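Biologist: Could you take me through one part of this model closely, the packing of its helices? I'm new to this, so please explain the terms as you go.

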Amino acid sequence: MEESHAHTRPSRPPIVELNDVTVVYPGGHVGLERVSMKIDRGEFIFLVGPTGCGKSTFIKLLLRDLEPASGSVMVAGKDINEMERSKVPMLRRRIGTVFQDFKLLPNRTVYDNVAYALQVTGTPRAEIKRQVPEILRMVGLGAKIHNYPDELSGGEQQRVSVARAFVSHPPLLLADEPTGNLDPETSIGIMQLLYRINRTGTTVVVVTHDREMVDKMRRRVVQLYDGRVIRDQSAGLYTTDESTEEFGVRVSNELGVDFGDHDGDDIGAAL
Ligand SMILES: Nc1ncnc2c1ncn2[C@@H]1O[C@H](COP(=O)(O)OP(=O)(O)O)[C@@H](O)[C@H]1O
Ligand SMILES: [Mg+2]
């Protein structure tokens, strides 16, 4: 009776689906153990748990930096470990990444760091010249476009890295402890940007240690311990229609932090 739903539109596969995934590192350490989980398109999800529980392993798995010992890792309905090696760079270009240490090219300007993400996808030069300033205005760095990374604060460098991750509007953005090196006030700004990016439809996965931020964000939380999922708390309890500005104001109030649009640029105008 496969035809019983013949008139309903087939739903698209989840953006991420792990089926019974185990990762074993050389030497035998188990990085993830029998993890199954689905992440739907458009979700915002936090991945939490103590150091060494497998959070970065999870991120690397989605980028095919690691292959599972068993189980399957599906991205947009495709088993990425069945994919030809030559297709892996294309997979990685479709996934935005943000890391704790920013990973900016030190000898390139802010503009060039972001433009690079478009150059590798063969975006025409005229498009790059239009899109890069626009995305940098969005992250509040319109005035720093010709600066070098070492001329920026940590929070500004992370904004560049968020701009680089998002400039090609990937369906999936992975952030591994993006606020790990930042103070609380700066962290809220970064979270607000990720929130705004999520509101454009991009699925966002954020690894963090910031328990307070996780509580305030009111989004799905997956907790790992020793390579296993020990909690998966959906965001269903919360309303999800808060505007980005409402979000910024509420979270900063609740965290007792003075947060404002003090970069001068119109953050988010492009969105
Ligand atoms: N390249 C590696 N070789 C061996 N063990 C590793 C390697 N990378 C990570 N591990 C181990 O796997 C576990 C999970 O690591 P990781 O995913 O980096 O944790 P987290 O990001 O949650 O702190 C840890 O015990 C870590 O020591
Ligand atoms: Mg880690």
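Modeller: Here is a walk through one helix and its two partners. First, some housekeeping: this is a predicted model, so local features need pLDDT of at least 70, side-chain atom pairs count only at pLDDT 80 or more, and totals for chains, interfaces and linings use all residues. Residues are numbered from 1 along each chain as its sequence is written, while chains are lettered from A and ligands numbered from 1 in the order in which they are written.

Two packed helices are described by the angle between their axes and the distance between the axes. Our central piece is helix α6, residues 184–199. Helices here are DSSP runs (H or I, at least four residues), strands are E runs of at least two, and both are numbered from the N terminus.

Start with helix α5, residues 154–166. α5 and α6 pack at an angle of about 10°, and their axes are 10 Å apart. The axes are lines fitted to C-alpha atoms, for helices over the stretch in contact, and the angles run from 0 to 180 degrees between N-to-C directions. That's why α5 and α6 are roughly parallel to each other (under 35 degrees is roughly parallel, over 145 roughly antiparallel, 65 to 115 roughly perpendicular, and the rest oblique).

Who meets whom? On the α5 side you'll find G154, G155, Q158, R159, V162 and F166, and they meet T186, G189, I190, L193 and I197 in α6. Being in contact means that the C-beta atoms of two residues, placed from the backbone, lie within 7 Å. The residues of this contact split into five nonpolar, five polar and one charged. Nonpolar covers Ala, Val, Leu, Ile, Met, Phe, Trp, Tyr, Cys and Pro; charged covers Asp, Glu, Lys and Arg; the others, Gly among them, are polar.

Now for the other partner, helix α8, residues 244–255. Its axis and that of α6 come within 10 Å and cross at roughly 150°, so α6 and α8 are roughly antiparallel to each other. Their crossing is right-handed, meaning the near helix is turned clockwise from the far one by less than a right angle (anticlockwise would be left-handed). From α6, the contact uses P184, I188, Q192, Y195, R196 and R199; from α8 come T244, F247, G248, V251, S252 and L255. Sorted by type, the residues of the α6 and α8 contact are six nonpolar, four polar and two charged.
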